[in-house]
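Hi everyone, and thanks for making the time. I'd like to walk you through one structure today, a few residues at a time, so please have the viewer open.

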Amino acid sequence: MAPVVVMCAAVRARSLSASGGAGERPAAGPGPIDLASDLLSAGFAVQLTGGPTVDAWEAKLATYGTEYMSLGAADNQRRVSAELGTVQQQLDNPRLWSVAVRLMTLYAKTFPGSDGAKAVHRYRLAATAADASEDLDTRVWARGRAAIALDY
């Protein structure tokens with residue numbers, strides 16, 4: 001996964017080219033620049049404070065498991081992408097690779113069937129991250145979830 005700074009630069013470049021320049025913003029809602037700023041702040045905060053513990057991450061995942069069906073795809077995408085930016089800063093802890101993989105899989109699940117290429121890409125990314133975890137259970141789980149989701 002690309003570092004948060006790289007992702008934010010890509011978002012900013014797309015935003016500037018789409019809007020015609022740095023001074024213009026879309027009329028509705030917070031724009032990509034706001035999102036990028038939030039991701040940068042969160043990333044640096046994690047590096048400075050150490051971020052959530054493994055137990056805190058597990059609790060967050062349990063909450064996502066129960067809230068997934070009641071929230072819309074856009075809400076889930078926004079929340080999970082912020083969490084991915086945070087956990088990415090903690091991947092020096094091997095146990096957090098499993099958390100990242102499960103978040104990546106949840107993120108992949110939010111793409112509709114009409115956007116299957118994005119979902120496939122996200123599931124493949126989760127499988128690659130699962131390989132990086134060097135944890136057999138995580139590797140099997142990620143591939144199993146992808147197979148189930150993409151079979152329907």
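Let me begin with a question for you: in which helix is the place of Glu 58? The answer is α3. Before I go further with that residue, please keep in mind that this is a predicted model.

So, back to Glu 58 in helix α3. With a relative accessibility of 31%, Glu 58 counts as partly exposed. Setting aside neighbours within four places in sequence, its contacts are Val 99 and Arg 102. If you like to check distances as we go, try the C-alpha atoms of Glu 58 and Leu 96: they are separated by 9.4 Å, with the two positions 38 residues apart along the chain.

Now let me zoom out for the overall picture. The protein has seven helices and zero strands, and reading along the sequence gives the pattern α-α-α-α-α-α-α. Of its 152 residues, 32% are buried. The accessible surface comes to about 9,000 Å², and carbon and sulfur atoms hold 59% of that. For those of you who think in contact maps, here is one more number: among contacts with a separation of 6 or more, 58% are between residues 24 or more positions apart.

Next, a pocket. Which residues line the second largest pocket? From the earlier part of the chain we have Leu 61, Tyr 64, Gly 65 and Tyr 68. The lining also includes Arg 102, Thr 105, Leu 106 and Lys 109, and it is completed by Tyr 123, Trp 141, Arg 145 and Ala 149. The elements that give two or more residues to this lining are α3 (54-67), α5 (95-109) and α7 (136-151). Of these contributors, α5 gives the most, with four residues. By residue type, the lining divides into seven nonpolar, two polar and three charged. As for volume, the second largest pocket has about 240 Å³. You may remember Arg 102, by the way: this lining residue is also one of the contacts of Glu 58.

Let's move to Val 80, which lies in helix α4. Is Val 80 buried or exposed? It is buried, because its relative accessible area is 0% and the cut-off for buried is under 20%. Beyond four places in sequence, Val 80 is in contact with Tyr 64, Leu 103, Leu 106 and Tyr 107. Two of those names, Tyr 64 and Leu 106, came up in the pocket lining. Here is another distance to try: the C-alpha atoms of Val 80 and Ala 100 are separated by 10.0 Å, and these residues are 20 apart along the chain.

Tyr 107 brings us to the aromatic rings. The structure holds one aromatic pair, and its partners are Tyr 107 and Phe 111. The arrangement is edge-to-face, with 5.5 Å centre to centre and 85° between the planes. Both Tyr 107 and Phe 111 are buried.

Phe 111 has another link for us, to Ala 119 in helix α6 (residues 116-133). Not counting neighbours within four places in sequence, Ala 119 is in contact with Ala 108 and Phe 111. Ala 119 is buried, with a relative accessible area of 6%. From Ala 119 to Thr 105 the C-alpha distance is 9.1 Å, for two residues 14 apart in sequence.

Now a pair of polar residues. Gln 90 lies in the loop between α4 (73-88) and α5, and it is buried, with a relative accessible area of 6%. What is Gln 90 in contact with, leaving aside neighbours within four places in sequence? The partners are Val 46, Gly 50, Gly 51, Pro 52, Trp 57 and Leu 96. Thr 138, in helix α7, is also buried, with a relative accessible area of 6%. Thr 138 touches Ser 98, Val 101, Ala 130 and Ser 133, again not counting residues up to four places away.

I'll finish with a backbone detail. Most residues other than glycine have a negative phi. Glu 134, however, has a positive phi, near 55°. Glu 134 is found in the loop between α6 and α7, and it is exposed, with a relative accessible area of 72%.

That's my tour, and I'm happy to take questions.

Note on methods: Residues numbered from 1 in each chain as written. Predicted model: local features only at pLDDT ≥ 70, side-chain atom pairs only at ≥ 80, totals over all residues. Heavy atoms only, no water. 1 Å grid on protein atoms, 1.4 Å probe; cavity = no way out; pocket = protein on both sides within 12 Å on 5 of 7 lines; lining within 4 Å. Points joined across faces, edges and corners; volume = space filled by probe spheres on them. Nonpolar A, V, L, I, M, F, W, Y, C, P; charged D, E, K, R; others polar. Buried < 20%, exposed > 50% of the residue type's maximum accessible area, 1.4 Å probe, protein only. Contact = heavy atoms within 4.5 Å. Areas by Shrake-Rupley, 256 points an atom, 1.4 Å probe, with all protein chains shown as cover. Phe/Tyr/Trp six-rings, centres within 6.5 Å; stacked < 30°, edge-to-face > 60°.
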